[in-house]
Amino acid sequence: MGLLRGDEGGRTPGQKLAVAVLVGIMLIIPLFMTWAMVYDRQGESQTAQASIAEGWGGPQRLAGPVLVLPYLVDSVDVVTEDGQQRSVTRTVRRHFTLSPQTMELDTSLEPGKRERSIYEVIVYEAALSGSARFALPDDLQRYDVDPERIEYDRAELRFAISDPKGLGANPEVTLGGEKLALQPGYGSDGGAGFFAFADASALEEGALETGFSFGLKGNGLVALDPDAGNTTWTVRSSWPHPSFSGAYLPDHDIGADGFTATYSIGNLALGRSLVSTETARRADSPMPVESYEGRMINAEQSAVVSLIEPVDLYSQVDRAAKYGFLHIGFTFLALLMFDVVGGKRVSPVVYLLVGAALVLFFVLLLAFAEIIGFAAAYVVASTAIAGLVTLYSKAILGGWRPALAIGGLLGLLYAALYILLGLENLSLLIGSLMLFAALAAVMYATRNLDWSQSEAPVEAG
């Protein structure tokens, strides 16, 4: 096999390995700084997207329609007059919320993009139409509501919308076949949405139906808080990359020309009655939330449909940077093998400069990805760094043959990394196999090397 020698300058192979490891550890600092830069740029992107969408409409959450009906009850209070206590009965007005027995909602989302500088945000214009059927339950008195004392002519029909500035012009709402005049707010006590004063006297005789249609602008996602005994929500869009999340999932059909999703949700799944005598729920009331690109939307009781980009360049750059140690490790191993096995003297400065170039790859990838997209940026950055390291290795290692070996290794590493980014579920397995193969190759190449020998050659068998 030939001779495996130590460093003619006096350093043993073990010392050379220690130097390579030490330089690799030093490179942790710039690598972490690169990760921090990715998070910072992602935060700036989210802020810019929120600014672009400002005035258009944010992520929209819908609830309703519900009927809020006042009713009269007798309240007995104990008062003290002239040192004597006596009972005073007075009539007070309270309210209960009646959710529909059935509600059908059809939503058509027309997607688009708004851009500013290098940033863009997915927006949509939604056309919503639907109907709901209200009826008083037979056991209404269980809720301490006397049907004879309900003030039907003072009812309010309420619709909740998290960001009303996205409402289109002239929403139309009918109740019992009569068109209603709409007011801003989620009822007369305020809130986000719109409502109408209504006469619900038809409930005394049986069912009361409402129909509605309106346009709504938003960005990113649309969510529905189901209220009815049986809610059917159909969502259609030409956007080919939807995401379904929240408390309920739909039956869906996704294709290159868009998607259709249908939710069927019963109130047994909601875990609440159609009648509530508590304070009417408002769309802006505090609830558990999840973050969506820097914006807040309730997800604990909502069905959520998101229009997402299939590739988030910041998450891809972040995942790529997490493989930085793998790139540095493989490249340093190659240099170390040329040093301790091939007899090419490699200075610690060489490790440092090559490592800096490998870290710079991720900075270039992020910078170009924001301008030309991830795939094109990956080609540009990997070609630039592989070419730079190859030319530098040619001067350091004294020839094209070892330099092309280093360059070829980098090319394979960048190709493997790109494949790993697309195989998220198998990335750990493939990465582990690559490490195993590298370790086996190093063990084979150094099987006859005396790591403590600095001068005397060791005859290889």
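The buried residues of helix 2 are L31, T34, W35, V38, S45, A48, Q49, I52 and A53. The model in which they are found is a predicted one. The cover over these residues comes from several elements, including strand 4 (102-116), strand 5, strand 11 (208-219), helix 4, helix 5 and helix 6. Helix 2 itself is 26 residues in length and spans 38 Å between its first and last C-alpha atoms, close to the 38 Å expected at 1.5 Å a residue. An α-helix makes one turn every 3.6 residues, so positions three or four places apart point the same way. After helix 2 comes G55, whose phi is positive, near 90°.

Helix 2 is also one of the elements that give two or more residues to the largest nonpolar core. This core holds 57 residues, and those with the most contacts inside it are Y351, F361, L365, Y378, Y414 and L417. Besides helix 2 (28-53), the elements that give two or more residues to the core are helix 1 (13-26), strand 5 (119-134), helix 4 (313-321), helix 5 (324-340), helix 6 (348-372), helix 7 (374-397) and helix 8 (400-422). Helix 6 makes the greatest contribution, eleven residues. Contacts of L365, with neighbours within four places in sequence left aside, are made with V317, A320, F374, A377, Y378 and A381. Another core, of 55 residues, lies apart from the one just described and has Y71, M103, L105 and F134 among its members.

A polar residue, T331, is placed in helix 5. T331 counts as buried because its relative accessibility is 1%, where the limit for that class is under 20%. When residues up to four places away in sequence are not counted, T331 touches V354, L358, L409, L410 and L413.

Strand 20, which covers residues 303-307, is mostly covered, with five of its five residues buried. The side chains of a regular strand alternate between the two faces of the sheet. In strand 20 both faces are covered: A303, V305 and L307 are buried on one side, and V304 and S306 are buried on the other. Two strands pair with strand 20. Strand 12 (residues 221-225) runs antiparallel to strand 20 and is joined to it by four bridges, with L224 standing opposite A303. Strand 14 (residues 242-246) is likewise antiparallel to strand 20, and here five bridges make the join. The bridge partner of P242 in strand 20 is L307.

A further antiparallel pairing is made by strand 15 (residues 251-255) and strand 16 (residues 258-266), which share five bridges. The connection between strand 15 and strand 16 is a hairpin of two residues. Within this pairing, I254 is found opposite F259 of strand 16.

Nine salt bridges are found in a search of the whole structure. In one of them, the side chains of D225 and R61 meet with an N to O distance of 2.9 Å. This salt bridge links distant parts of the chain, with D225 in strand 12 and R61 in strand 2 (residues 60-81), 164 residues apart. D225 counts as buried because its relative accessibility is 2%. R61, at 7% relative accessibility, is therefore also classed as buried.

Other salt bridges involve residues with other degrees of exposure. The side chains of R142 and D139 meet at 3.9 Å, N to O. R142 counts as exposed because its relative accessibility is 68%, while D139, with a relative accessible area of 33%, is partly exposed. A salt bridge is also formed by D163 and K165, whose closest N and O atoms are 2.9 Å apart. D163 is buried, with a relative accessible area of 11%, whereas K165 is partly exposed at 48% relative accessibility. R93, E151 and R154 are linked in a network of salt bridges.

Technical notes
Residues numbered from 1 in each chain as written. Predicted model: local features only at pLDDT ≥ 70, side-chain atom pairs only at ≥ 80, totals over all residues. Heavy atoms only, no water. Core = buried A, V, L, I, M, F, W, Y, C linked by side-chain atoms within 4.5 Å. Buried < 20%, exposed > 50% of the residue type's maximum accessible area, 1.4 Å probe, protein only. Contact = heavy atoms within 4.5 Å. Pairing = 2+ DSSP bridges. Expected span 1.5 Å × (residues − 1). Salt bridge = Lys/Arg side-chain N within 4 Å of Asp/Glu carboxyl O.
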